[in-house]
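The following exercises invite the reader to work through a protein structure step by step. Each task is followed by a solution.

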Amino acid sequence: MIKNLSRLLLPLVVMPVMAIAAETFQEGKDYIVLSQPVKTADANKVNVTEVFSYSCPHCYNLESYINKWSETLPEDVKFEKIPAVTKGLWGEHARLFFTVNALKLDKKVHSDIFNAFHKEHNKLAAPEAMAKFLAKYDVKKESFEQTFNSFGVSSQMNLAAAKFRGYRLTGVPAVIVNGKYRVNAPKDKVTAVADFLIEKERALLKEKAAPTTTAKVETKKEDDNNEANVKSSAAKED
């Protein structure tokens, strides 16, 4: 009796799990297809880009979710953060972001900058304030100024600005998947929609790789056939 009851209950337990696993999202509602795809950094991987600004409260609220999620991504997914490059404070903070990276400081510094702005009310609006803030990470003022105004940082700014325009963004945070899709979901669903789109793009990458594999197999068959014909001809001559 108990065994029979457990058999009846099992489908009821499994079905919700399967429903969650098979969850799909709708174009135009949960994500937006970009009118013009933007070239990605690695064509052999699924690229995910988060566009943000330190001063954006929504970016600050999303930060912990995105960081934890990004650490779980497989090797075939390339994740990167880029700041929104515009005029004013967003632009100054974008330069700060690339300066921190160029100085090869710990990733935790980015979280500290978020906290400084939103919890400590330190706007970090001027290079002087930024230099003072980074001094506690053993960054000398001269080193900061040199890096902040360097050609390398300026080049990164230009690349980020081009991507920002290409994504046609009007605000942040924004999560872009493979230069094709912009996630359009609340904070608690952002990573789920991103996962859905990553799987969608992964399937396309596998499809693109398949013809190459087939071609190699067919070429090998032709080579084997040619080799067999040569051996057969040689045998007849003997």
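## Exercise 1: A bridge between a strand and a helix

At 24% relative accessibility, Glu 80 counts as partly exposed. This value, like every other in these exercises, belongs to a predicted model.

**Task.** Determine which residue meets the side chain of Glu 80 in a salt bridge, and why the pair ties together parts that are apart in sequence.

**Solution.**
1. The partner is Lys 163, and the N to O distance is 2.8 Å.
2. Glu 80 belongs to strand 3 (residues 77-83), whereas Lys 163 belongs to helix 7 (residues 151-166), so the salt bridge links parts that lie 83 residues apart in sequence.
3. For the wider setting, a search of the whole structure finds seven salt bridges.

## Exercise 2: Two salt bridges of helix 8

**Task.** For the salt bridges of Glu 201 with Lys 180 and of Glu 199 with Arg 202, establish where the partners lie, and decide whether each residue is buried or partly exposed.

**Solution.**
1. The side chains of Glu 201 and Lys 180 come together at 3.2 Å, N to O.
2. Glu 201 is in helix 8 (residues 190-237) and Lys 180 is in the loop between strand 4 (174-177) and strand 5 (181-183), so this salt bridge ties together parts 21 residues apart in sequence.
3. The cut-off for buried is under 20% relative accessible area. Glu 201, at 2%, is therefore buried, while Lys 180, at 24%, is partly exposed.
4. In the other pair, the closest N and O atoms of Glu 199 and Arg 202 are 2.7 Å apart.
5. Glu 199 and Arg 202 are three residues apart in helix 8, so about one helical turn separates them.
6. Glu 199 has a relative accessible area of 43% and is partly exposed; Arg 202, with 15%, is buried.
7. Elsewhere, Glu 50, Glu 63 and Lys 81 are joined into one network by salt bridges that share partners.

## Exercise 3: The sheet

**Task.** State the order of the five strands in the open sheet, identify the edge strands, and describe how strand 4 is joined to strand 5 and to strand 2.

**Solution.**
1. The order is 1-5-4-2-3, with mixed pairing.
2. Strand 1 (31-33) and strand 3 are the edge strands, each pairing on one side only.
3. From one strand to the next, the twist averages 20 degrees.
4. Strand 4 and strand 5 run antiparallel and are joined by two bridges; Ile 176 has Arg 182 in strand 5 as its bridge partner.
5. These two strands form a hairpin with three residues between them, and Asn 178 in the turn has a positive phi of about 55 degrees.
6. Strand 2 (residues 46-52) also runs antiparallel to strand 4, with four bridges between them; Val 48 has Val 177 in strand 4 as its bridge partner.
7. In a regular strand, side chains alternate between the two faces of the sheet. In strand 4, Ala 174 and Ile 176 point one way, Val 175 and Val 177 point the other way, and all are buried.

## Exercise 4: Packing of helix 3 and helix 5

**Task.** Describe how helix 3 and helix 5 pack, and list the residues that meet.

**Solution.**
1. Helix 3 (residues 89-102) and helix 5 (residues 127-134) pack at an angle of about 35 degrees, and their axes are 11 Å apart.
2. The crossing of these helices is right-handed.
3. From helix 3, Glu 92, His 93, Leu 96 and Val 100 take part; they meet Pro 127, Met 130 and Leu 134 of helix 5.
4. Sorted by class, this contact has five nonpolar residues, one polar and one charged.

## Exercise 5: The surroundings of Leu 205

**Task.** Find which residues Leu 205 is in contact with, leaving aside its neighbours within four places in sequence.

**Solution.**
1. Leu 205 lies in helix 8 and, at 22% relative accessibility, is partly exposed.
2. With those neighbours left aside, Leu 205 is in contact with Ala 43, Asn 44, Lys 45 and Val 46.
3. Leu 205 and Lys 45 are 160 residues apart along the chain, and 7.9 Å separates their C-alpha atoms.

Conventions: Residues numbered from 1 in each chain as written. Predicted model: local features only at pLDDT ≥ 70, side-chain atom pairs only at ≥ 80, totals over all residues. Heavy atoms only, no water. Axes fitted to C-alpha atoms, helices over the stretch in contact; angles between N-to-C directions. Left-handed = near helix turned anticlockwise from the far one by under 90°. Contact = heavy atoms within 4.5 Å. Nonpolar A, V, L, I, M, F, W, Y, C, P; charged D, E, K, R; others polar. Salt bridge = Lys/Arg side-chain N within 4 Å of Asp/Glu carboxyl O. Buried < 20%, exposed > 50% of the residue type's maximum accessible area, 1.4 Å probe, protein only. Pairing = 2+ DSSP bridges.
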